[in-house]
Amino acid sequence: MNIQQFRSDLKKALDREQKSANSLARETGIQQASLSRFLSEKTSLDGDAVLRLWDFVYGDSPVSATPTTPSTTQQQDHSS
């Protein structure tokens, strides 16, 4: 995925949900001007803003909320 695809998907999600960029900006805590410039292809968004919008666009988080830990085998391999 690239930023152009994310922008396109965001525009589709706004249409699908019949939501304005202003209301989405308020709900996600992203500055309205930043979101507007992103949608009009004038700037990009930082990673934090993309993560805040991800659930709205795709319906799920891009990263697991469950922390992972090494398996017992991996822990034993590194302890020798």
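Start by selecting residues 3–17, helix α1, together with residues 32–39, helix α3: in this predicted model the two helices pack at an angle of about 110°, with their axes 10 Å apart. That angle makes α1 roughly perpendicular to α3. Now show the side chains where they meet. On α1 the contact uses I3, F6, R7, L10, K11 and L14, while α3 brings L35, F38 and L39. Colour them by type and you'll get seven nonpolar residues, two charged ones and no polar ones.

**Into the core**

Next, pick F6, L10, L24, L35, L53 and F56. Of the 17 residues in the largest nonpolar core, these touch the most other members. Helices α1, α2, α3 and α4 (47–58) each supply at least two residues of this core, and α4 gives the most, with six.

Click on L53 and look around. Leaving aside residues up to four places away in sequence, L53 touches F6, L10, L24, T28, I30, L35 and L45.

**Over to α2**

One of those neighbours, T28, takes you to helix α2, residues 21–28. Is T28 buried or exposed? Its relative accessible area is 17%, so T28 is buried, the cut-off being under 20%. Again setting aside residues up to four places away in sequence, T28 touches R52 and L53.

Select S23, L24 and A25 as well: along with T28, they are the buried residues of α2. Turn on the other helices to see what lies over them, since the cover includes α1, α3 and α4. Then step just past the end of α2 to G29, which takes a positive phi of about 80°.

**The aromatic rings**

The structure holds four aromatic pairs. For one of them, select F6 and W54: the ring centres are 6.1 Å apart and the planes sit at 15°, so this pair is stacked. F6 belongs to helix α1 and W54 to helix α4, so the pair ties together parts that are 48 residues apart in sequence. Both rings' residues are buried, F6 at 1% relative accessibility and W54 at 18%.

Keep F6 and add Y58. This aromatic pair is tilted, with 6.1 Å centre to centre and 50° between the planes. The pair also links distant parts of the chain, with F6 in helix α1 and Y58 in helix α4, 52 residues apart. How accessible is Y58? Its relative accessible area is 28%, so Y58 is partly exposed.

For the last stop, bring in F38 too: F6, F38, W54 and Y58 form one aromatic cluster. You have already met F38 on α3, where α1 makes its contact.

Conventions:
Residues numbered from 1 in each chain as written. Predicted model: local features only at pLDDT ≥ 70, side-chain atom pairs only at ≥ 80, totals over all residues. Heavy atoms only, no water. Axes fitted to C-alpha atoms, helices over the stretch in contact; angles between N-to-C directions. Helix = DSSP H or I, 4+ residues; strand = E, 2+ residues; numbered from the N terminus. Parallel < 35°, antiparallel > 145°, perpendicular 65-115°, else oblique. Contact = heavy atoms within 4.5 Å. Nonpolar A, V, L, I, M, F, W, Y, C, P; charged D, E, K, R; others polar. Buried < 20%, exposed > 50% of the residue type's maximum accessible area, 1.4 Å probe, protein only. Core = buried A, V, L, I, M, F, W, Y, C linked by side-chain atoms within 4.5 Å. Phe/Tyr/Trp six-rings, centres within 6.5 Å; stacked < 30°, edge-to-face > 60°.
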